[in-house]
Structure formats: structure tokens, C-alpha cells
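Colleague: Before I use this model, I would like to know what stands behind the labels attached to it. Could we go through them one by one?

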Amino acid sequence: MGGAAVTIIGGGPAGLAAAHEAQRLGAAVRVVERGLQVGGLARTVEFANHRFDVGPHRFYTTNDEVRRFFIDHAGGDVLRVRRLTRIRLGARYFDYPLTPVATALGLGPLECLRILASYAAAGLRRGASQPPATFEDWVVAAFGRRLFEVFFRTYTEKVWGIPCREIGADWAAQRIRGLGLGAALANAFGQRRAIKTLADEFLYPRRGAGSVYEAIAARLRAGGAAVELGCIVEAVDRDGSRVTAITTRDGQGRRETRPVDRLMSSAPLSDLLAMLSPPPPQDVLAACGALRYRSHLAVNLIVAGNPFPDNWIYVHSPDLRAARIANYRNFSPDMAPDEATSPITVEYFCFAGDATWRMTDDALLDLARAELAAMGFSAAGPGGAPAAGFVVRSAGAYPVIDVAHADHIAAIRAWLSQFANLLPIGRTGLFRYNNQDHAIATGLLGARTMLGHGRFDPWQVNIDAAYIEAGQAA
Ligand SMILES: Cc1cc2nc3c(=O)[nH]c(=O)nc-3n(C[C@H](O)[C@H](O)[C@H](O)COP(=O)(O)OP(=O)(O)OC[C@H]3O[C@@H](n4cnc5c(N)ncnc54)[C@H](O)[C@@H]3O)c2cc1C
């Protein structure tokens with residue numbers, strides 16, 4: 001579409017996919033990214049010649065277009081990684097996915113019997129009661145209370161920071177397969193089905209997830225697009241139901257207001273609404289204010305040797321604050337300069353501003369080293385000194401899918417639908433707990449919609465990014 005101009009807030013997977021598609025369709029493109037590098041939560045950060053994702057980022061999709069898009073931008077240099085993951089429960093490690101025999105041996109026959117009895121009891125109750133409203137009810141109904149208590153509760157509450165009875169059942173239905181041992185156990189105990197999270201293989205760019213987004217940004221620039229880094233969007237002006245301009249602030253504190261023709265935003269949904277001027281009605285602002293986001297701390301260490309063979313290990317053990325540890329050497333050898341060391345991330349979840357968030361980087365590095373050692377892994381760097389490292393803080397990385405969120409989103413979405421030239425896309429942009437493939441799909445489809453090449457609704461792209469095959473709405 002000649003003459004059209006698309007401005008995009010955010011240079012993560014959604015924003016860059018949108019920019020790429022808009023450029024392909026002939027629009028002038030401007031991406032405004034507040035970070036100093038592109039890739040958003042899927043960026044890869046370099047430290048002392050080692051490469052770290054923001055928590056492990058495997059790529060998996062059921063959507064051919066999205067897969068081609070990803071591989072194409074990785075320059076064909078994508079590894080097929082055989083997945084090796086375990087779960088730490090108490091002081092034991094369980095292979096994931098589980099096998100019935102190993103699980104039974106690990107848990108002991110008595111615990112297995114209790115789980116099976118409670119599963120059978122839940123089966124008898126199934127159908128007799130109301131559909132479950134909360135995550136806890138959903139899991140208990142599906143797998144039995146014992147399995148919920150043993151495998152689901154601690155890990156889920158570590159990640160989300162709220163009781164399982166406050167987490168929405170729709171999140172369980174959508175993401176149960178992402179939770180680990182519970183789904184794996186159900187799988188091991190006979191409910192065998194295609195489970196995305198249990199896929200044996202995944203794609204991984206040789207130099208980290210973020211290398212794909214660096215490549216997209218380079219192509220965009222080569223095609224004449226502006227990709228501005230270190231530049232935050234602070235305000236979005238509107239005239240009724242059209243957005244008209246954005247105000248940005250760069251790293252030197254310089255503010256600039258420039259007109260926008262069409263605007264796509266992958267900034268957190270509540271940030272976008274808060275930036276609008278004049279502001280949305282009170283009830284819409286109240287709905288935004290009720291949305292909660294969980295934050296993520298990636299404590300990154302350069303550890304001597306290769307302390308564990310897994311890609312990552314889920315830490316269900318309640319005595320440890322870490323939720324997961326990952327070893328990028330086991331994703332790609334190019335993540336470290338040689339075989340002497342491994343780039344490791346120890347992941348913590350918190351709310352921005354809480355006691356964990358306020359810990360200094362040094363205190364977090366000490367905690368991560370101590371917890372690695374408590375798990376039986378070396379936390380020493382080359383030469384035996386404590387492993388060197390750094391912390392990446394991601395405020396608001398996880399939209400909290402609590403029991404009330406759907407009503408709030410419905411109110412916000414209804415109000416936003418009046419805008420013909422403003423479209424939210426991406427993970428926190430749409431307040432969805434989703435992966436790169438989904439973010440890319442919302443960007444591609446959003447750009448087509450913006451430029452009149454279809455009428456795709458990014459809100460309707462599902463977690464498998466399957467909207468293109470399922471919808472073909474245009
Ligand atoms: C710990 C962790 C592990 C994950 N593991 C996986 C995995 O294994 N596989 C997978 O596929 N996905 C994984 N994901 C999810 C994946 O990172 C996201 O789905 C993806 O990055 C979402 O892309 P996005 O563009 O929608 O959002 P983001 O990546 O959040 O990008 C949004 C961008 O907008 C910018 N921005 C926000 N506000 C403004 C503003 N006001 N002005 C300018 N810029 C702004 C941000 O700086 C950011 O760069 C994981 C995420 C996390 C946090």
C-alpha cells in the first residue's frame with residue numbers, strides 16, 4: 001500500500017514481525033524500542049563472550065508461515081535440539097517427560113497409589129459438578145488433589161505469586177501442558193496425546209534466540225525502515241477514535257512529538273492505555289489498573305565446565321526460591337567461547353517492587369550461586385572463584401491470568417475496537433501468556449489488517465499461532 005506509514009511500539013518478536021510485513025506490503029516503517037537492543041523478552045544478551053537468553057527460549061510452532069519466517073531470519077543457521085529436561089522435586093530429579101516406571105521408582109509405591117486413588121476419585125466426581133472456575137479446581141478435577149498438591153501447587157505459586165485458587169481455569173486449560181510434571185505424569189499414566197511442551201525437539205538459532213531479531217532489524221534498516229533504540233514512547237495523542245501522534249523520549253532525555261498514520265503497539269496493554277491522551281473513560285482505566293503482571297529475574301552466571309546436561313530443569317522444590325535453571329551450552333555450543341565454561345541462568349519470579357525485586361544484583365548473584373550449589377551443581381567459575389555474572393530484570397514479563405482478567409480484557413478490547421488506526425499486538429500487548437510464535441503471528445496478521453490486506457483479529461490468534469490456517473478471515 002503506497003503512501004501508508006506504520007509506526008510500531010516495541011522491537012520484540014511481535015513488533016519486528018509487524019514491521020517486516022508492513023515493509024513487505026510497501027509501507028514506510030518506524031519501530032520505536034526503549035531497550036538498547038532488539039528482541040524484547042526474546043533477546044540474547046552478551047556478557048564476557050558468553051550469550052544468554054532472558055530465560056531459555058526454544059522455538060516451536062505448528063504454523064508453517066511462522067516457522068519459515070523464523071528460520072529464514074536465522075539465516076538457515078538453526079539447530080534442531082533434542083530436548084533434555086528434568087524436574088527437581090524435593091531433592092530428587094525426575095526425567096521429563098516421565099516414564100511410569102521411573103516415576104513410580106522416584107515417588108515410591110505408596111505415593112503412586114495415593115496419586116492414582118485421588119485421580120480415580122476425581123474421575124468419579126467429574127461431570128457431577130460445575131465447570132471449574134479456578135486453576136486449582138481445574139487441576140484437581142483433571143488429575144486429582146494429590147497430584148495437584150505434589151506437583152502443581154508449589155511450582156505454580158512460585159511462578160505466579162498468587163494462590164492457585166486465584167488463577168483462572170482458562171489459563172489451566174490453555175497452558176496445563178506447559179506446567180511440567182503434572183502434565184507429564186498424566187501423559188505417563190496413559191493420557192498420551194500430542195503435547196506441545198513435551199515435543200522431543202525444538203529449533204534454536206546457533207547464536208541464541210535474539211539473533212533472529214537482530215537479523216530482522218538489519219533487514220528492516222537495509223530496506224529503509226527506522227528502528228530506533230533507547231527511545232521510549234511516553235504519550236499517544238488521539239482525536240476521538242483515531243490516534244494522531246506519539247511523543248518519544250530518547251536516551252539524552254530529548255522529547256519529540258511526531259504524527260502517526262497507523263500505530264501498532266506491543267507495549268504492555270495497560271501502558272498503552274495509560275499513554276493515551278485524552279485518556280480513556282474511567283471504567284476502561286479501572287480495568288487496566290486491575291491487570292497484574294508478574295516480573296522475571298534472570299540471574300546469569302558463567303560456570304566452569306558443564307554442570308548439568310539438561311537444557312533446563314524445573315525447580316519444584318519448595319525449599320528453593322529458584323523456579324528454573326537453564327544451561328545455554330546445551331542449546332548451542334556457540335553460546336560460549338569454548339568448552340571450559342557454560343552460560344547458566346537461574347530464574348526467579350516476583351512482582352516489580354517487592355522484596356525479591358529490590359534485592360541488589362550482588363545479593364541475587366549470591367542467592368543463585370548458593371541455590372545452584374544446594375541443587376548439587378557447581379557455582380564456581382574458571383579457576384574456582386565464585387562464578388561471575390549479571391542480572392537481567394524484566395518488569396511485567398508475565399500477564400497474570402487471574403480469575404478476573406477476562407472481564408477486564410473484554411472491557412478494554414471493546415473500547416479499543418473503535419480505533420481504525422490503532423492495533424495492539426504481541427504478548428503483553430494483548431495480555432496473553434504466549435510464546436514467540438504467537439507474537440510473530442500477531443505481528444504478521446496485525447500488519448496485514450492495518451494495511452487493508454485482510455481483517456485479522458490479533459486477539460484471536462491462539463497459542464499455537466494457528467489462526468492463519470484456522471481463520472483465513474480475509
Ligand atoms: C523467562 C521467559 C522464557 C520464555 N521462554 C520462551 C520459550 O521457550 N519459547 C518461546 O517461544 N517464547 C518464550 N518466551 C516468550 C517470548 O519471550 C515472548 O512470547 C515474546 O518475546 C513476545 O514478543 P513481543 O514482541 O510480543 O513482546 P516483548 O518481547 O515483550 O517485546 C516488546 C518490546 O516493546 C518494548 N516496549 C515496551 N514499552 C515500550 C514503550 N513505551 N516504548 C518503546 N518500547 C517499548 C519493550 O522494551 C520490548 O522490547 C519466554 C518469555 C520469558 C519471559
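Modeller: The turns below set values against cut-offs, first for the ligand site and then for some single residues.

Modeller: Keep in mind that this is a predicted model.

Colleague: What makes the contact between Pro 13 and the ligand a polar one?

Modeller: A polar contact needs a pair of N or O atoms within 3.5 Å. A backbone N or O atom of Pro 13 is 3.2 Å from a ligand oxygen, so the pair qualifies under that limit. Two ligand nitrogen contacts can be judged by that cut-off too. For Arg 58, a polar backbone atom lies 2.7 Å from a nitrogen atom of the ligand. For Val 233, the distance from a polar backbone atom to a ligand nitrogen is 2.9 Å. The protein buries 93% of the 990 Å² that the ligand exposes when taken alone.

Colleague: Which residues come nearest to the ligand?

Modeller: Glu 33, His 57, Arg 58, Arg 427 and Asn 434, out of 32 residues around the ligand. By class, that shell holds 16 nonpolar, 10 polar and six charged residues.

Colleague: Which elements supply at least two residues of the shell?

Modeller: These are α1 (13-24), β10 (231-239) and α15 (436-450). With three residues, β10 gives the most.

Colleague: Why is the ligand said to lie between domain 1 and domain 3?

Modeller: Because domain 1 (5-39 + 207-290 + 402-471) and domain 3 (293-399) both contribute residues to the shell around the ligand.

Colleague: Why does Met 359 count as buried?

Modeller: Buried means under 20% relative accessible area. Met 359 has 18% relative accessibility, so it counts as buried. Met 359 sits in the loop between α12 (355-358) and α13 (361-374). Leaving out residues up to four places away in sequence, Met 359 touches Arg 321, Leu 364, Leu 367 and Arg 393.

Colleague: And Phe 431, why does that residue count as buried?

Modeller: Its relative accessibility is 2%, so Phe 431 meets the condition, the limit being under 20%. Phe 431 is in the loop between β20 (422-424) and α15. Its phi is positive, near 55°, in a residue other than glycine.

Colleague: What is the phi of Ala 48, and where is Ala 48 placed?

Modeller: Ala 48, not a glycine, has a positive phi of about 45°. Ala 48 belongs to the loop between β3 (44-47) and β4 (50-53).

Colleague: Is the peptide bond from Ser 277 to Pro 278 cis or trans?

Modeller: That bond is cis, with omega near -5°. Pro 278 is located in the loop between β14 (276-277) and α11 (282-289).

How values were computed. Residues numbered from 1 in each chain as written. Predicted model: local features only at pLDDT ≥ 70, side-chain atom pairs only at ≥ 80, totals over all residues. Heavy atoms only, no water. Near = heavy atom within 4 Å. Polar contact = N/O pair within 3.5 Å; in protein donor to acceptor, adjacent residues only side chain to side chain. Areas by Shrake-Rupley, 256 points an atom, 1.4 Å probe, with all protein chains shown as cover. Helix = DSSP H or I, 4+ residues; strand = E, 2+ residues; numbered from the N terminus. Nonpolar A, V, L, I, M, F, W, Y, C, P; charged D, E, K, R; others polar. Domains from an automatic or database assignment. Buried < 20%, exposed > 50% of the residue type's maximum accessible area, 1.4 Å probe, protein only. Contact = heavy atoms within 4.5 Å.
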